[in-house]
Amino acid sequence: MSETVKGSGATASEPVGKPADPERPGLGKRLVDQVVYGADWVVTLLAILLALFFGAILIILSDESVRGTFSYFFSSPGDAISASWDAVSTGYTALFKGSIWDPSHSWNVGSAIAPFSETLTEAVPLIFGGLAVGLAFRAGLFNIGGQGQLIMGAIVATWVGFTVTGPTFLAMILAVIGGIAGGAAWGAIVGLLKAKTGAHEVIVTIMLNYTALYFLAYLIGTDTFRDPDRQEPLSKSVSEASKLPKLLTWLTDGGSLRLNFALVIAAVAVAFVWWLLNRSTLGFELRAVGSNASAARTAGMSVAKSQIMAMLISGGLMGIVGASQVLGTANANNALTPDIDAGLGFAAITVALLGRASPIGTVFAAILFGALQAGGRSMQSEAGISIEIVTVIQALIVLFVAAPPLVRGIFRLKGSGSGDAALASKGWNG
Amino acid sequence: MSLELRGITKRFGTLVANNAIDLEINPGEIHCLLGENGAGKSTLMNILYGLYEPTEGEILVNGEKLSLDGPRSAIAAGIGMVHQHFMLVPVFTVADNVMLGDERVKSGLLDHAKARKDVREISERYGLAVDPDAIVGDLPVGIQQRVEIIKALTRNAKFLILDEPTAVLTPQETEELFTVMRELRAGGTAIVFITHKLKEVKAIADRITVIRRGSVVGTASPQDSPAELAALMVGREVRLKVEKPPVEESAEGPAFSVKNLTVLNEAGQIVVDDISFDIHPGEILGVAGVQGNGQTELAEAVLGLIQPVSGSISLDGVEVVGRSVRDTLRAGLGFVPEDRNHDGLVGGSSVAENLVLDLYDRPEFSSRGSMNIGKIRKNADERVAEFDIRTASIDTPAGKLSGGNQQKVVVAREMSRPLRMLLVSQPTRGVDVGAMEFIHKRIVREAREQKRPVLVVSTELDEIYALADRIAVMYRGKIMAIVPPETSAEQIGLLMAGAHPEDAVDE
């Protein structure tokens, strides 16, 4: 009753509409809608802050000496508070130093940017993976088969990598293309099965993840792949020519900065996916099929083609993750190992969720997660805080992003219902 | 018992769905809530039924303030609602459905006998003939609606809200519903009847409240003329009759013809049963019938969405069966699907994108796989202006538009290119009277000026009468008869209910 709008003639000219259709779509559809259209940037930012806050509580709880000060909290609360503050600030300072910039090394350019180089190195595979999952999301598909696709990509990239030995740049490009082909083929199987038989992509991708994993284990044991000089399961190393060149070696003497050429490929991939989704006719079809398949069908689009193409491209992007694992700096031997996936296929899902399935959002999300990963290591080494806390923080961020009403409730934000403002301002880039 | 809404305002974000609405509902009175779709009628009634919380205002029963925290408290206060889409479990019996949510229990077990007795009692008292043991899914729509009414009445509803109850009924069923409503009125029940059909308002209402753009714009009496009511509803004068030059006889023969077409649904049942008809250039054929009698599948077969098991469809002498949807559209079919939200629009995409939903890959809007955003936006600006689509901008997601404006987006897309044929299903569903006039004019123009065959599928008999040169009545997949537009509504109604043509049409 407090607002002044009541009964005024001005409101009569405002558009009047009906609330959202009460008919509820399936869980998967709602999840995708929530991801793509749900949270706005304010909520995302607050979710990150909130996650850091809960992370701080975990840091306090996990530190034994700080816990000790709480046993006499009521006689001397100052001790507990200052100990908590110390633990949290040391931890988060280490996180910052390990991921963005370390002021103590500012006299040396190479050392000063080393943390950010690490952050980007961790972020690059997440960018590819996030783009892959996000693209599938936009086409209405939940690609949780990143693991399998990147493994297949890694396998093909490795094979090309140790088979082709030169010339330098070309061998690397060929190996990456091999990775794309491996992942794309593995993804296209999912798309084909979905389009032709209606098999649910979630089930199929999970099964294909196992298939790829055990195929990898088998291959490493075969004469074609196995490194005869090594005891442990390891493939032959890729040729020197096919490795992804490091970008920042000229800044330091030892070449300790790991950031490599994959960053450049990632930039191209982001631009490509953005164009694909927002400017290409194929992307138009993907988005239409993803958000209303029957309207797309009525408009003459082929739902089957869209689904196959979406999974093919998504798998291809995942294949680059696999290629960069082998050709880059992820393992010292530049060879296939049974755990070459490093869980990136799943990490990519959280990145895509946080990036709201948009290419630009994915870049930011991947850099954030890369920073947490890089910073988490220095948090562990410098402040003695378990790196698992970083994983919890990542999980909490995604949890809060997925539940905008919760965040709005905590911060007492006025709910925009279904994110009208975010939607209305998105337009073509949505 | 009296029910009063005072100063009800409901906002969704910046959207004002209801603006300071006052409404009084009295026992033994049929109070008609008249307004276009999107005017805010349903929102208001959802507030009254406890589904929405009003932003401002209060609800009073017998002068006492009522606070509703859900349908349960609304039911307890004697408010009953029959939704446009029935809330029934198809595999349950009538009695079980009536009992659902208000279970009769005897020593820990469901008391089916009591439920049956309750149903019988109510149906006898108000002349609502229903078999309590029938399975709801087997019943015709009109009877299912009765079950909903009975359900409300067994919960002692003193105020009954009927949300667009006639949308799914044949003229006869509508008549029967009105009889029931009169019985209920005589028994002292207060009825809120929501509709946008002027004829029905005049037939049944005791009091009329007109809502436009979320506000009450006035009250009217059933004696007012339809034109006066329409003007009040839309806010300007409306021509209710479509001006239509007579169809010219052409020597060319039919431009579009369907022969012995049979279509099965996914379950393998025959939904279009051996039908044949022709449409001449410049002629409008109306397909009348109650929803779900094969019209949808007929339209989808013409588009190429479903493949018929037998028969042929030809346009300008070329067979179209077997063509893909894309090819059919490219060949010049304009297609307005009956359910815009389901088949016509991508709600999350912008108005501009929806305006090229089936044109995006044509040379005008894209080349070599890349879309020409400039041209798409220019096209959107033109269509929005031409069809008076009310939208904040062409970048607004189509799903945020009101129903009528969404329909205009679909119609604008399908009717703004050179066509060889136009097939429109429910072209004006949920569209206000003003836009209806415009859309009807465009349809007539496509036929008469462009000399194209036009197929109009509608469950609104008034719309069929307004447009059609001949009327095909469908019932259970068959065309019962093709009759001239002079045929009375009663006769067409009988055909729609499956009566044999000889019995229905005395010729």
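## A membrane-annotated span in chain A

In this predicted model, residues 347-371 of chain A form a span that is 84% helix and 0% strand, and the C-alpha atoms at its two ends lie 14 Å apart. This span is among those that an unreviewed UniProt entry lists under "transmembrane region" for chain A, the others being residues 41-61, 141-162, 168-190, 202-220, 257-277, 308-327 and 383-403. For residues 141-162 of chain A, another of the spans in that record, the end C-alpha atoms are 35 Å apart, with 77% of the chain there in helix and 0% in strand.

## Chain A as a whole

Chain A contains 17 helices and 0 strands, and of its 430 residues 50% are buried. Among the contacts in chain A with a separation of 6 or more, 74% join residues that are 24 or more positions apart.

## Confidence along chain A

The average pLDDT of chain A is 83, and 86% of the residues score at least 70. Over residues 1-24 of chain A, however, the pLDDT is below 50, although the model gives this stretch 38 contacts beyond near neighbours in sequence. A further stretch, residues 415-430 of chain A, also has a pLDDT under 50, and here the model has 25 contacts beyond four places in sequence.

## The largest nonpolar core

The largest nonpolar core has 277 residues, and the members that touch the most others are Ile161(B), Val192(B), Phe193(B), Val456(B) and Val473(B). Helix H5 of chain A, which covers residues 109-138, supplies the largest share of this core with 15 residues.

Which residues does Val456(B) touch, once those up to four places away in sequence are not counted? The residues are Ile284(B), Gly286(B), Val287(B), Val424(B), Pro427(B), Ile443(B), Ile464(B), Leu467(B) and Ala468(B).

## A strand hairpin in chain B

In chain B, strand E1, made up of residues 3-12, pairs with strand E2 in the antiparallel sense over 7 bridges. Strand E2 of chain B, which runs over residues 15-25, is mostly covered, since 8 of its 11 residues are buried.

The hairpin formed by E1(B) and E2(B) has 2 residues between the strands, and in this hairpin Gly13(B) takes a positive phi near 65°. Phe12(B) has Leu15(B), a residue of E2(B), as its bridge partner.

Conventions. Residues numbered from 1 in each chain as written. Chains lettered and ligands numbered in written order. Predicted model: local features only at pLDDT ≥ 70, side-chain atom pairs only at ≥ 80, totals over all residues. pLDDT = per-residue confidence, 0-100. Contact = placed C-beta atoms within 7 Å. UniProt positions renumbered as here; feature names shortened; annotations may be inferred. Helix = DSSP H or I, 4+ residues; strand = E, 2+ residues; numbered from the N terminus. Core = buried A, V, L, I, M, F, W, Y, C linked by C-beta atoms within 7 Å. Buried ≥ 20, exposed ≤ 12 C-beta atoms within 10 Å, placed from the backbone. Pairing = 2+ DSSP bridges.
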